[in-house]
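I opened my notebook today to look up how the ligand is held. Here is the model I worked from.

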Amino acid sequence: MTAGPAGAPAATGTAHAKAILFGEHSVVYGSPAVAIPLTALNASAHLSAGADGLRIDCDLYSGDAADAPARLLPLVAAVSSACARTGIDPQRIALQLTSSIPYERGLGSSAAVAVAVARGIAALTGTVLDADAVHAVAMDAERIAHGRSSGLDGRTVASEAPIRFQNGVVTPVEVSGSFEFVLADSGHAGSTAEAVGSVRAGMEESPSRVGGLLESLGLLAEASLARLAAGDVAGLGAQMSEAHTCLAELGVSDDSLERLVSAATAGGAAGAKLTGGGRGGCVLALARSAAHAADLAETLRAAGAARTWQTTVEAG
Ligand code: MEV
């Protein structure tokens, strides 16, 4: 804890973005998923003791939480949940939020904000919130942001290393060698809630077709663990492209994502797929080397990516 402007207690909590390598959507139905932290993109929640009423300051809104726009409701839920778990009155805190994680791009922005808030409020109150309690705060926010959530985002934004996730259980992932990824933002917002809802509707209409696709996605997630452990870039890339084909058949891709996946493939990527809920959001491409990653990022921007980021996954 530090001191605020007038010597009042203040504290900051942070969390980072995430990218799903395998298993988006199928993870909601109990299949395994593999996800990686994106530590270059961060959310930071600065908490201080406030006057009456919960005050929020962020790029979308400055003012009393009671008048905040609907898209900030997950944030308000995170504050209430963290306050309830630490015994502080939410009406007596001020929250300043800064984030470099783009909203609605499948990069875990809402989960990262919730985890940052939970960590910040824990620090402000001198309370120890263990990983499960921080995750419970993220789930309270995610329920409002996305409806039914697997919990994968909340766990990945709080993890410094890649994780395997299934039915709420997190296990570490063994990695050999190094995997150079490029993320490309389609520039289009994606609604995870809508995408998850469309898959659920598909499940009701054609359970065997949609169930088969979800099963394939789960099997690819499980099989990817051996490729990661072996440092097999070509093998992992092929699995990513296969997963993208399943996701497109599931109906969660769109023209902008298809364009970026095709550009990555034409640019020599080992593999490429949409990442996150889809229907907008980002594409994750696997480069063949660090030098190739820089070229691939340029190729993806030339193909219309609004922005790109590079990240390396390697033996920890
Ligand atoms: C969203 O980042 C990932 C989805 O699988 C939803 C979830 O896991 O709750 C689409």
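My entries on the ligand site follow.

This is a predicted model, so I kept local features to pLDDT of at least 70 and side-chain atom pairs to pLDDT 80 or more, while totals for chains, interfaces and linings use all residues. I number residues from 1 along each chain as its sequence is written, and side-chain values use heavy atoms, with hydrogens and water left out.

I first listed the shell, taking residues with a heavy atom within 4 Å of the ligand. Among them are Lys18, His25, Ser150, Asp153 and Thr192. Strand S2 (9-22) and helix H5 (192-205) each supply at least two shell residues; both elements are DSSP runs, at least four residues for helices (H or I) and at least two for strands (E).

Next I checked polar contacts (N or O pairs within 3.5 Å). A ligand oxygen is 2.6 Å from a side-chain N or O atom of Ser150. For Lys18, the distance from a ligand oxygen to a side-chain N or O atom is 2.9 Å.

Where does the ligand lie relative to domain 1 and domain 2? Domain 1 (2-169) and domain 2 (174-314), bounds from an automatic or database assignment, both give residues to the shell, so the ligand lies between them.

Definitions and conventions: A polar contact is a pair of N or O atoms within 3.5 Å; within protein, one must be able to donate a hydrogen and the other to accept it, and residues adjacent in sequence count only if both atoms are side-chain atoms.
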